[in-house]
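Welcome to a short tour of one protein chain. Please keep the sequence and the 3D view side by side as you read.

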Amino acid sequence: MSETRKAEPADDLAQNLSASAGLAKPMSQTRLAGGRNNRVHLIHHGDDSRTVLKRYHHDPADTRDRLAAEWEYLTTLWPLNLSRTPQLFFFYDKANSEIY
């Protein structure tokens with residue numbers, strides 16, 4: 001999945017997570033290459049900011065909570081001021097998704 005994708009209008013999940021996080025209205029989203037089982041989108045907001053929306057794959061046979069594990073890991077790293085740690089804005093466990 002290395003091909004370049006076109007920007008599409010921001011979907012309901014991007015709209016809802018952005019609003020819940022207090023971010024500017026998302027205008028469009030572009031699915032990023034890679035991600036394996038997860039779907040990762042670059043979100044373009046009306047104030048020219050950008051965030052990433054990550055939707056975790058859920059398999060009923062896999063009982064691990066990948067969203068919670070990543071959220072806990074990154075929120076532990078963020079206060080250490082490591083330059084490449086993404087800032088987490090909001091997660092929505094019912095949609096198995098987060099925005100950062």
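The report below goes from the whole chain to its sheet and then to a few single residues.

**Ground rules**

This is a predicted model, in which local features need pLDDT of at least 70, side-chain atom pairs count only at pLDDT 80 or more, and totals for chains, interfaces and linings use all residues. Residues are numbered from 1 along each chain as its sequence is written, and side-chain values use heavy atoms, with hydrogens and water left out.

**The whole chain**

Let us start with the inventory. The protein chain has two helices and six strands; helices (H or I, at least four residues) and strands (E, at least two) are DSSP runs, numbered from the N terminus. Read from the N terminus, the elements follow the pattern β-α-β-β-β-α-β-β. The radius of gyration of the protein chain is 14 Å, close to the 13 Å that the globule rule gives for 100 residues, so the chain is as compact as a globular protein of that length. Here the radius is taken over C-alpha atoms, and the globule rule is 2.2 Å times the number of residues to the power 0.38. Along the principal axes, the C-alpha atoms fill a box of roughly 35 × 30 × 25 Å.

How much of the protein chain counts as buried? The share is 32% of the 100 residues, where buried means under 20% relative accessible area, exposed over 50%, and partly exposed in between (1.4 Å probe, protein chains only). The chain exposes about 6,900 Å², and carbon and sulfur atoms supply 49% of that area. These accessible areas come from the Shrake-Rupley method with a 1.4 Å probe; for residues, only the protein chains shown count as cover.

Contacts are another way to look at the fold. Among the contacts in the protein chain with a separation of 6 or more, 38% involve residues 24 or more positions apart; a contact means heavy atoms within 4.5 Å.

**The sheet**

Now look for the strands. Strands of a sheet pair through backbone hydrogen bonds, either parallel or antiparallel. In this model, six strands form an open sheet in the order S1-S2-S3-S4-S6-S5, with antiparallel pairing. Strand S1 (8–9) and strand S5 (90–92) are the edge strands, each pairing on one side only. Two strands pair if DSSP finds at least two bridges between them.

S1 and strand S2 (residues 26–31) are joined by two bridges in the antiparallel sense. Glutamate 8 has glutamine 29 in S2 as its bridge partner, while proline 9 stands opposite serine 28 in S2. Serine 28 also has a bridge partner in S3, namely histidine 44. Between S2 and strand S3 (residues 39–45) there are five bridges, again antiparallel.

**Four residues to find**

The table gives the place and relative accessibility of four residues.

| Residue | Place | Relative accessibility |
|---|---|---|
| Aspartate 48 | loop between S3 and strand S4 (50–55) | 72%, exposed |
| Leucine 88 | loop between helix H2 (66–77) and S5 | 14%, buried |
| Asparagine 96 | loop between S5 and S6 | 17%, buried |
| Glutamate 98 | strand S6 (residues 97–99) | 0%, buried |

What is the sign of phi in aspartate 48? Phi of aspartate 48 is near 70°, a positive value in a residue other than glycine. Asparagine 96 also has a positive phi, of about 55°, although it is not a glycine. Not counting residues up to four places away in sequence, asparagine 96 touches Lys54, Arg55, Tyr56, His57, His58 and Leu67.

Which residues does glutamate 98 touch, not counting residues up to four places away in sequence? Its contacts include Leu17, Val52, Tyr56, Leu67, Trp71, Leu88 and Phe91. Glutamate 98 and leucine 67 are 31 residues apart in sequence, and their C-alpha atoms are 7.6 Å apart in space.

Leucine 88, leaving aside its neighbours within four places in sequence, is in contact with Trp71, Leu74, Thr75, Glu98, Ile99 and Tyr100. Leucine 88 and tyrosine 100 are twelve residues apart along the chain, with a separation of 4.3 Å between their C-alpha atoms.
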